[in-house]
Amino acid sequence: MKVAFLFIDGVGIREPAPDNPVNPEVCPALCRLIQRHGVPIDANLGVDGVPQSATGQATMFTGRNASQFMGRHCEGFPGPSLRDLIGRENLFLMLKARGKKVKFADAYLIESADELEARRFKSVTTVMALTAPETVSTVSDLADDGAVLQDLTRETIRDRYPDIPPIDPEDAARHLFDIVRAHDFTLFEYFQTDVAGHSMDYERACSVLREYDAFLATLIRFTEAAGITLLMTSDHGNIEAMNERGHTRNPVPFIAFGPGEQELRARVKSLTDVTPAILSLI
Ligand SMILES: [Zn+2]
C-alpha cells in the first residue's frame with residue numbers, strides 16, 4: 001500500500017462567502033475532493049485562541065495533542081520542548097520502524113542533510129525529516145526532477161539557480177508522482193496558501209489556489225489510475241477567510257481518496273488522529 005500525503009498550510013472549511021476563495025470557480029479539483037472524499041476535522045485541539053502552525057503540525061505528525069502539551073497554540077518554528085516531542089516520536093520514525101520507505105518530497109536548497117541540521121530555525125517537518133535524514137530531498141534531487149520545490153514552479157529560485165528550469169504545476173505533479181511510486185509514504189508540504197491567507201489580498205489567494213489546483217488535478221489522475229491512496233489535510237484555517245489577517249478556528253478538511261478511504265475518514269476527527277490513522281492503513 002502506497003500513500004501520498006499532501007500537507008497544505010492554512011486551509012479551513014467555511015460556508016461560501018465573498019471573501020472565501022476556496023470555491024469551485026477558483027479551485028475545482030480541491031473543492032471536488034473536499035466534497036466527495038473529505039470530512040471536516042477539528043484543528044482547535046481543545047485549546048482557546050486561534051490554532052497555530054508549530055503545535056498544529058506537531059500534532060498532525062506525532063499523534064500527540066501538542067497544543068495541550070504546551071498549554072497553548074504555538075506559532076511558527078517549534079521551540080525546544082516541541083522539538084523534543086517531535087524528535088522522540090513522529091510519523092517518519094514510526095513508518096521507518098515498520099520497515100517502510102519514506103520520502104519528504106520538498107527540495108531543500110542544500111547539498112546534504114548536515115547543512116539542514118545547522119539551521120537555527122527549523123520547521124516541524126524539518127525537525128521530523130532530520131530524525132530520518134535519508135528522507136531529505138536536496139537541490140541535486142530537484143535538478144534531476146527527483147524532488148519538488150515548495151512553490152511548485154521553481155519561480156522563486158529562477159535567479160539563484162539559473163540551471164534549474166522553471167516548470168508548470170502539472171510537471172511538478174508528474175515529478176511528485178514518480179517519487180510517490182518509488183516509496184511507501186511520500187509527504188509534500190505546501191505553505192503558499194498560508195502566506196497568501198495572511199496577505200488579505202483576495203486576488204493573490206486565488207492565483208495561489210489556481211496554481212495548486214492545476215497541480216492537484218494532475219496528481220489525482222495519476223494516483224487514482226495507480227491505486228495509490230492520496231491524503232490531504234491542513235494545520236489550521238486561514239485562506240478561507242480573506243477578510244481576516246490571522247488564522248481561523250474553522251474546521252480543516254481531511255481528505256482520503258483511494259484504497260482505505262472510508263476507514264480513514266471514519267477514524268479521523270481531529271489533527272491528533274491523522275498519524276494513528278496513517279499507521280493503521282500502512
Ligand atoms: Zn500562518
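Me: What share of the 282 residues of the chain count as buried?
Reply: The share is 48%. The model is predicted. To count as buried, a residue needs 20 or more other C-beta atoms within 10 Å of its own.

Me: What secondary structure does the chain have?
Reply: The chain has 13 helices and six strands.

Me: Why is the chain called as compact as a globular protein of that length?
Reply: Set the radius of gyration against the globule rule. For 282 residues the rule gives 19 Å, and the chain comes to 17 Å. The two values are close, so the chain is as compact as a globular protein of that length. Along the principal axes, the C-alpha atoms fill a box of roughly 40 × 40 × 40 Å.

Me: How many of the contacts between residues at least 6 apart in sequence join residues at least 24 apart?
Reply: The figure is 72%. A contact here needs C-beta atoms within 7 Å.

Me: What is the order of the strands in the open sheet?
Reply: The order is β2-β6-β5-β1-β4-β3, with mixed pairing. From one strand to the next, the twist averages 15°.

Me: What makes β2 and β3 edge strands?
Reply: Each pairs on one side only. A pair of strands needs at least two bridges. β3 (residues 102–104) has three bridges to β4, in parallel. β2 has four to β6, in the antiparallel sense.

Me: What makes the pairing mixed?
Reply: Take the parallel part. β1 runs parallel to β4 over six bridges and parallel to β5 over five. Now the antiparallel part. β5 and β6 are joined by four bridges and run antiparallel. Parallel and antiparallel pairs share one sheet, which is mixed.

Me: Which residues stand opposite each other in these pairs?
Reply: Leu 6 has Phe 188 in β4 as its bridge partner. Val 102 faces Phe 185, also in β4. Val 3 stands opposite Thr 229 in β5. Ile 41 stands opposite Val 252 in β6. Leu 230 is bridged to Phe 257 in β6.

Me: How do you know that strand β4 is mostly covered?
Reply: Count its buried residues. Six of its six residues, 185–190, are buried. Phe 185, Leu 187 and Glu 189 point one way, while Thr 186, Phe 188 and Tyr 190 point the other way. In a regular strand the side chains alternate between the two faces of the sheet.

Me: What makes both faces of β6 covered?
Reply: Val 252, Phe 254 and Ala 256 are buried on one side. Pro 253, Ile 255 and Phe 257 are buried on the other.

Me: Why does the span of helix α11 agree with its length?
Reply: At 1.5 Å a residue, its 25 residues should span 36 Å. The end C-alpha atoms are 36 Å apart, so the span agrees. Among its buried residues are Ala 205, Tyr 212, Phe 215 and Thr 223. Just after α11, Gly 227 takes a positive phi of about 70°.

Me: Why are α1 and α11 called oblique to each other?
Reply: Their axes cross at roughly 55° and come within 7 Å. Under 35 degrees would be roughly parallel, and 65 to 115 roughly perpendicular. The crossing angle fits neither range, so the pair is oblique. Pro 28, Ala 29 and Leu 30 in α1 meet Asp 213, Leu 216, Ala 217 and Ile 220 in α11.

Me: What angle does α1 make with β6?
Reply: About 80°. Helix α1 lies across β2, β5 and β6.

Me: Which elements do the buried residues of α10 pack against?
Reply: They pack against β1, β4 and α11. The buried residues of α10 are Gln 192, Thr 193, Asp 194, Ala 196 and Gly 197. Just after α10, Met 200 takes a positive phi of about 60°.

Me: Why does Glu 111 count as exposed or buried?
Reply: The cut-off for exposed is 12 or fewer C-beta neighbours. Glu 111 has 10 inside 10 Å, so Glu 111 counts as exposed. Its place is the loop between β3 and α6. Leaving aside neighbours within four places in sequence, Glu 111 is in contact with Thr 138, Val 139 and Ser 140.

Note on methods
Residues are numbered from 1 along each chain as its sequence is written. Helices (H or I, at least four residues) and strands (E, at least two) are DSSP runs, numbered from the N terminus. The radius of gyration is taken over C-alpha atoms; the globule rule is 2.2 Å times the number of residues to the power 0.38. Two residues are in contact if their C-beta atoms, placed from the backbone, lie within 7 Å. The expected span of a helix is 1.5 Å times one less than its number of residues. Axes are lines fitted to C-alpha atoms, for helices over the stretch in contact, and angles run from 0 to 180 degrees between N-to-C directions.
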